[in-house]
Amino acid sequence: MLSSAHLVPTSVRRARWWICSSSRSFMDLKALLSSLNDFASLSFAESWDNVGLLVEPSPPHTVNTLFLTNDLTEEVMEEALQKKADLILSYHPPVFRPMKHITWKTWKERLVIRALENRVAIYSPHTAYDAAPQGVNSWLAKGLGTCTTRPIHPSKAPNYPTEGTHRLEFSANHSQDLDKVMSAVKGVGGVSVTSFPARCDGEEQTRISLNCTQKALMQVLAFLSQDTQLYQKTEILSLEKPLLLHTGMGRLCTLDESISLATMIERIKRHLKLSHLRLALGVGRTLESPVKVVALCAGSGGSVLQGVEADLYLTGEMSHHDVLDAASKGISIILCEHSNTERGFLSDLQEMLGVHLENKINIILSETDKDPLHVV
């Protein structure tokens with residue numbers, strides 16, 4: 001027997017949705033952007049990417065409706081305007097390469113024009129959401145079954161208390177002019193200096209430690225080279241930022257129990273809601289071959305997956321030659337088309353952002369956004 005909730009007419013449900021959504025409070029755009037960055041820091045994004053606020057109406061700008069889409073096409077923009085969106089979160093950045101003019105000539109220019117004319121902001125997280133612990137790649141891994149995962153290329157902490165890229169240390173005895181040495185190194189820009197007493201070969205000395213940039217390092221070395229004793233006692237360390245747990249590009253997934261490739265294919269189809277996908281069997285593999293380790297990357301994963309040891313590669317697209325190379329090593333490859341490995345994440349994102357933003361604004365998913373490719 002159907003519950004009464006299932007018998008409510010569509011028009012009534014829509015009216016309830018409107019009453020609920022219209023009662024939500026607004027958020028200032030800057031406050032909302034700060035909250036989005038708290039959810040997944042833009043510092044996680046790749047250096048080549050174009051993320052963050054891409055289009056901003058003149059301030060102040062308040063947001064009542066946040067509109068989520070994987071790709072912002074003209075059709076999707078029309079839908080966003082009809083639904084009174086104040087901010088469009090487009091996973092892929094619609095503005096990637098620099099624009100030399102904003103005219104009606106190209107579709108991406110028209111997107112910017114329509115957004116500004118209608119006071120709609122556009123924000124893109126792209127690879128920041130790829131790397132985030134609760135992001136796109138982690139969502140994609142959910143379709144594999146119970147497994148342990150780790151990033152293929154871990155992210156590094158964007159900020160760390162230690163300044164500079166190198167640490168340079170040397171010892172000076174008390175017969176040397178320490179004041180002159182300290183004054184000289186402190187006069188170099190991009191250098192932080194500490195000193196402490198040390199004992200070496202029974203002699204009291206002063207140990208000097210400098211954190212410095214690459215440019216400052218060369219200047220300090222040029223000064224120290226003028227004193228053979230100091231220069232010969234100099235040690236240089238390259239400083240690395242610490243890795244972030246569960247954060248980074250791609251995921252290497254180890255299943256709790258091996259399954260056949262055929263079973264894995266059905267799991268992926270079900271998770272991505274696809275009736276077809278593309279498969280390249282690794283050399284010597286069949287549909288009954290066991291799968292224990294899966295390397296995955298949402299979108300275009302060729303560069304991230306290259307050289308990774310696994311039974312299966314899962315991504316949206318790879319070049320012909322990358323597929324041949326992986327298959328020659330006995331690795332099977334599943335390709336699902338680029339955005340099919342990303343779009344389903346938006347449903348999870350809608351729920352997570354609702355909690356993160358304390359339901360202060362209305363968050364809706366695009367109904368027209370879709371992968372441009374389909375099987376005919």
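Cys-253 is buried, with a relative accessible area of 0%. This comes from a predicted model. Cys-147, by contrast, counts as partly exposed, because its relative accessibility is 21% and the buried class ends under 20%. The two cysteines are worth taking together. The closest cysteine sulfur to that of Cys-147 belongs to Cys-253, at 4.6 Å, which is too far for a bond. Cys-253 is likewise in no disulfide, the nearest cysteine sulfur being that of Cys-147. A disulfide requires the two sulfur atoms to lie within 2.5 Å, and by this rule the model has zero disulfides.

Both cysteines fall within the residue ranges of two paired strands, E7 (residues 147-156) and E12 (residues 243-260). The pairing of E7 with E12 is antiparallel and extends over eight bridges. One of the bridge pairs joins His-153 to Met-249 in E12. E12 also pairs with strand E14 (residues 290-300), again in the antiparallel sense, over six bridges. There, Leu-252 stands opposite Ala-295 of E14.

The helices offer a separate contact. Helix H2 (residues 29-39) and helix H13 (residues 345-356) have axes that come within 11 Å and cross at roughly 115 degrees. The crossing is right-handed. On the H2 side the contact is made by Ser-35, Leu-36, Asp-38 and Phe-39, and on the H13 side by Leu-349, Met-352, Leu-353 and His-356. By class, the residues of this contact comprise five nonpolar, two polar and one charged.

Technical notes: Residues numbered from 1 in each chain as written. Predicted model: local features only at pLDDT ≥ 70, side-chain atom pairs only at ≥ 80, totals over all residues. Heavy atoms only, no water. Buried < 20%, exposed > 50% of the residue type's maximum accessible area, 1.4 Å probe, protein only. Pairing = 2+ DSSP bridges. Helix = DSSP H or I, 4+ residues; strand = E, 2+ residues; numbered from the N terminus. Axes fitted to C-alpha atoms, helices over the stretch in contact; angles between N-to-C directions. Left-handed = near helix turned anticlockwise from the far one by under 90°. Contact = heavy atoms within 4.5 Å. Nonpolar A, V, L, I, M, F, W, Y, C, P; charged D, E, K, R; others polar.
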